[in-house]
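Reader: I have some questions about the labels used for this model, and I would like to see each label set against its definition. Shall we go through them together?

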Amino acid sequence: MSPASDVYRAERLIARFNRSTNRLIAGTRIGVMRETTAPGMTATLQQMLANMGARVTVLEQGVPVPHDVEVVFAADASALPTGSTAITADEAAPICIAEGAAPVGPAATATAGDSLAKRGAARIEWSHKYMPITRELAEEFAASGDLRGVRIGVVLVLEPKTAVLVLELARAGADVRVFAPANEVDPEAAAALRARGIVVLASDDADAEHEAEQARDLIRWKPQLLIDDGAHLIRLAHLMPEARASLRGAAEETTSGVRPLRHMHADGKLEIPVVPVNDSAVKTLFDNLHGTGQTCVFAIVDELETLREIRRMPVPQTAESTWLVLGYGPVGAGVARHARALGAKVVIAELDTVRALTAEADGYDVALAADAAAIADVIVSASGVPGTVDLPLARHARPGTVFAVAGGVDAEVDFEDRPMHDLTPQISTIDVGVAGAAHEVIILAHGYGVNYTASGGNPIEIMDLSFAAQLAALRQLLDMGALGDARLAPGIFPLSGDQEQRIARLALATHGSTVDTKNAAQEHAAADWRNQRYQAQTVQSDGGADRAASAQQAGKPAQAVETPTVTVYSADLVIPVTGPRIVNGAVAVRGDRIMHVGDRGWVVQSLRENGIDFAEEHWAGVLTPGLVNGHTHLQYTGMAEVAKRTYNGFDDWSVAFDTVYEGRTHDWGAAAARGAKLAFASGTTAAADVVTDTAAASALHDAGMHGIAYWEVMGWSNDEWQQTGRDQTALQLDTMPATPGVGVSPHAPYSLEVQPLLDVPDLVRGRGMRLHIHLAEAHMELEHQSNHDEWAEMGAESFRALRHRGVGVSSTQFVDHLGVLGPDCHIAHGVYMTDRDRSLLRARGTSVALCPRSNEVIGLDMPPVAAYLREGNLICVGTDSLSSSPSLDLLADVALLYKIAREQGYGDRDLHQRLFNAVTLGGATALGLGVGPQRIGQLAVGALADLAFFDIDAADPDAALAELVEAGAGSCRRTIVAGVERFRA
């Protein structure tokens with residue numbers, strides 16, 4: 001068979017789809033373009049995909065693609081439907097796969113210079129889009145608050161889909177940490193999680209000792225709940241008494257993990273309740289059969305293709321090869337199904353006679369492993385049992401036979417520590433011969449699970465089901481009282497049938513499918529044991545039958561009425577920010593995400609056409625994204641007396657501030673909580689909250705507000721910082737809630753010496769966090785004489801030392817020289833800035849949070865608003881704290897910025913729109929939340945559902961926007977964060 005054959009070409013196209021998108025084939029509606037120049041290719045694609053469980057439709061060229069087709073295959077890119085796209089924000093557009101077509105999936109937008117975290121974030125966002133069930137169940141936890149503050153250890157293969165689960169748990173308020181073995185760590189996903197403030201105790205280059213220490217570190221952290229894979233850490237916790245008391249329950253993901261837990265329970269050694277998620281039908285029947293089967297087979301065929309390219313030895317095409325599958329449980333059945341769909345001859349070896357009989361009934365030959373190994377080209381272990389593949393079995397295989405593991409446990413392939421010689425990172429040779437007689441075979445992924453080690457792991461939709469089952473298991477544990485005062489009895493507690501049915505129902509709904517439900521009569525008949533074929537002869541009065549019938553009728557149960565899963569928020573005027581204003585618009589919200597944005601009629605019609613139940617809430621006013629406060633200190637909410645008068649500059653205000661700060665006892669946590677409520681009341685849904693005292697560190701987390709809590713670093717000399725400052729700061733960051741986000745605020749260039757200003761950016765960026773610094777707020781920071789950067793060679797210990805030497809460099813140029821500025825940093829105030837300073841901000845991609853009312857109270861000059869706007873600087877809006885501002889209503893600052901810009905000569909007609917963009921998307925951008933899976937500050941499909949409702953006459957859209965900007969303060973009537981109402985007037 002030549003590589004150009006239809007079968008080979010079809011295999012490579014389907015493999016590309018699997019590799020690029022990590023999407024599921026089984027159950028997906030896939031269109032195959034009919035091509036007169038390649039009829040064999042069309043038929044082959046159709047047959048292969050159908051045999052893998054796809055719902056295949058043959059498409060005719062020139063005919064519109066049906067709206068429910070999610071993927072289109074074609075032999076050549078020229079045959080793809082006109083107007084289709086490889087990757088798009090419009091979920092209705094199909095993914096297109098063809099020879100010569102553009103890249104698809106998250107790789108389509110990647111560039112060579114992207115960081116690990118950025119590439120990981122793109123892949124996480126891609127996965128997030130196709131995991132609606134996980135999102136919905138997590139949203140219920142977020143709304144209930146039942147996971148708030150609960151320590152959850154996640155021990156799963158660390159890749160983008162796991163990252164979605166972790167971030168959803170964190171968004172629901174849990175304190176989450178992640179561990180994974182080195183061979184199960186995707187470095188891009190790990191970097192992206194760290195960038196979101198999640199503690200990741202895993203690295204892809206960890207040796208065995210380091211990996212074991214990371215596992216112990218997770219248990220020493222004393223998690224209350226564990227989501228485990230293989231039960232390794234559940235068992236480890238039982239060996240560490242200091243942590244065992246804190247562990248109150250667990251959910252186990254895999255067959256290989258449930259097995260030892262059952263033995264522990266039988267031996268009386270299990271001390272906690274465990275939900276065996278693997279035994280759940282929505283996990284096993286889909287994850288193992290469809291997910292592991294698909295991804296393992298395509299991981300193998302991709303590695304075989306690599307093997308052909310390096311020409312180490314002849315490798316038969318899949319359709320010409322024989323595969324031996326060891327084990328015919330759900331994993332083995334899935335591997336066999338997908339390999340046969342690609343044309344391979346498949347033989348099964350099985351220890352269990354019932355499973356062996358099942359394999360025969362499914363059309364496979366069943367043979368002894370040793371006999372089948374002698375004729376196999378590929379041998380796949382799918383047993384989940386250590387030692388399944390050993391040296392005696394390998395010696396029955398021919399030289400050059402390829403071995404792989406599907407799923408996998410430790411030592412499932414046991415070649416007695418024979419050395420492996422790597423041809424590529426995932427392809428190795430190993431000599432299994434005896435007495436010096438060479439007998440070289442190929443092993444993939446060093447004997448680990450090939451789908452998660454050499455490929456992207458199970459398909460996204462499959463993991464959506466599995467992780468939904470994990471969340472349902474957590475719900476079941478909580479409902480059982482796992483976190484109550486009294487410990488629950490240990491045991492294995494299967495996931496409830498109601499939970500499984502609900503997950504399946506939600507999954508069907510995402511596909512636009514529904515199922516019949518029993519009516520009342522059917523329910524009654526099914527429950528009535530007396531309803532049988534033969535009846536005893538009885539004598540009863542004439543009225544007896546009627547009375548019995550009436551009783552039966554009265555006993556019929558009522559049909560359950562389900563609550564709609566989608567809410568449509570319609571309004572007289574909708575301002576999406578990232579799109580045109582919409583008169584009589586609407587935003588459809590499912591869970592924590594925006595589903596549709598557009599004209600109300602279109603939104604409602606779209607939902608009805610797709611059979612989606614919804615409830616509508618109309619607002620007679622203006623609906624906008626939630627506002628984003630680019631700079632505040634919520635903990636100073638109780639110090640409002642300081643802002644009751646105006647001051648004569650920063651030093652004058654500082655004296656008054658210090659008097660109140662140091663002169664009384666403060667409950668910083670309570671004050672910050674009040675500040676969050678005030679923010680919600682003005683339409684704010686996210687904030688850059690600068691935290692100085694530990695008690696206020698969880699304010700955003702506890703309130704359910706988005707944003708970043710920036711730990712403030714100030715007052716450190718160079719020596720003190722090196723002795724204790726750096727370590728104290730790192731420790732503080734480890735103790736702060738990971739959600740919604742953690743960053744660092746090196747207070748200001750005049751309050752820190754050089755060493756901390758040098759070190760903090762490295763400390764922060766090494767953790768994937770963000771920076772926020774007060775800059776150009778005090779007049780002393782302004783450049784007051786021309787300089788040629790000679791100051792950089794002076795070796796001064798601080799910015800103040802430079803000033804004492806008469807050096808006139810600006811604070812902006814000073815911190816830029818130290819490496820503080822960058823796209824992951826935004827500054828507060830920016831009042832005293834020259835054109836050179838502003839150009840530095842633009843060059844570094846650094847946003848500035850303008851806080852004009854705070855500047856006014858302190859007695860500072862007004863910021864150069866007009867210059868920022870004309871020159872194209874990134875701007876956002878902040879209120880600062882109540883110790884220097886009259887309120888936390890962002891629109892009051894927006895109104896003052898409008899006035900300042902006009903007074904400074906900015907006459908363009910776009911001022912209203914630009915300032916409203918600044919207080920929404922501008923703030924999100926400053927915090928790194930303008931794009932990605934946690935994007936805010938916009939009403940856009942897939943963004944978090946942060947909404948603000950304003951009591952403003954919307955009859956004239958232009959006038960409404962003008963009123964919102966110039967006089968919108970105090971007009972917020974309702975605030976929703978991630979789909980959850982946080983304020984209603």
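Author: Gladly! Let us start with burial: buried means under 20% relative accessible area, exposed means over 50%, and partly exposed is what falls in between, with a 1.4 Å probe and protein chains only. At 0% relative accessibility, Val 441 counts as buried. Before we go on, this is a predicted model, where local features need pLDDT of at least 70 and side-chain atom pairs count only at pLDDT 80 or more, while totals for chains, interfaces and linings use all residues. Residues are numbered from 1 along each chain as its sequence is written, and side-chain values use heavy atoms, with hydrogens and water left out.

Reader: Where is Val 441 placed, and which residues does Val 441 touch?

Author: Val 441 belongs to strand E20 (residues 440–444); helices (H or I, at least four residues) and strands (E, at least two) are DSSP runs, numbered from the N terminus. Contact means heavy atoms within 4.5 Å. Not counting residues up to four places away in sequence, Val 441 touches Ala 394, Arg 398, Gly 400, Thr 401, Phe 403, Ser 428, Thr 429, Ile 430 and Val 432. Its C-alpha atom is separated by 55 Å from that of Gly 979, 538 residues apart along the chain.

Reader: What makes Leu 508 count as buried, partly exposed or exposed?

Author: Its relative accessibility is 29%, so Leu 508 counts as partly exposed. Leu 508 sits in helix H18 (residues 497–510). Leaving aside neighbours within four places in sequence, Leu 508 is in contact with Ser 513 and Val 515.

Reader: And why are Pro 260 and Thr 920 called buried?

Author: Pro 260, in helix H10 (residues 255–266), has 17% relative accessibility and therefore counts as buried. For Thr 920 the relative accessible area is 0%, so the label is buried again. Thr 920 is part of helix H33 (residues 911–926). Leaving aside neighbours within four places in sequence, Thr 920 contacts Val 577, Pro 625, Gly 626, Leu 627, Val 628 and Gly 937.

Reader: Now to helix packing: what makes H3 parallel, antiparallel, perpendicular or oblique to H6?

Author: Two packed helices are described by the angle between their axes and the distance between the axes. The axes are lines fitted to C-alpha atoms, for helices over the stretch in contact, and angles run from 0 to 180 degrees between N-to-C directions. Helix H3 (residues 116–129) packs with helix H6 (residues 187–195) at an angle of about 95°, and their axes are 7 Å apart. That makes H3 roughly perpendicular to H6, since angles under 35 degrees count as roughly parallel, over 145 as roughly antiparallel, 65 to 115 as roughly perpendicular and the rest as oblique.

Reader: Which classes of residue are in the contact of H3 with H6?

Author: By class there are nine nonpolar, one polar and three charged residues in that contact. Here Ala, Val, Leu, Ile, Met, Phe, Trp, Tyr, Cys and Pro count as nonpolar, Asp, Glu, Lys and Arg as charged, and the others, Gly among them, as polar.

Reader: What makes H3 and H5 parallel, antiparallel, perpendicular or oblique to each other?

Author: The axes of H3 and helix H5 (residues 160–171) come within 8 Å and cross at roughly 75°. H3 and H5 are therefore roughly perpendicular to each other. On the H3 side, Arg 123, Ile 124, Ser 127 and His 128 make the contact, and on the H5 side, Pro 160, Lys 161, Ala 163, Val 164, Leu 167 and Glu 168.

Reader: How do you know that Arg 340 lies over the face of Tyr 364?

Author: A charge sits over a ring if NZ of Lys or CZ of Arg is within 6 Å of the ring centre and within 35 degrees of the ring normal. Arg 340 lies over the face of Tyr 364, at 4.0 Å from the ring centre. Arg 974 lies over the face of Phe 949 too, at 5.4 Å from the ring centre.

Reader: Last, what is notable about the backbone at Lys 222 and His 829?

Author: Most residues other than glycine have a negative phi, and most peptide bonds are trans. Lys 222 has a positive phi of about 65° although it is not a glycine, and for His 829, not a glycine either, phi is positive at about 90°. With a relative accessible area of 36%, Lys 222 is partly exposed, whereas His 829 is buried at 0%. As for peptide bonds, a cis one joins Thr 739 and Pro 740, with omega about 0°.
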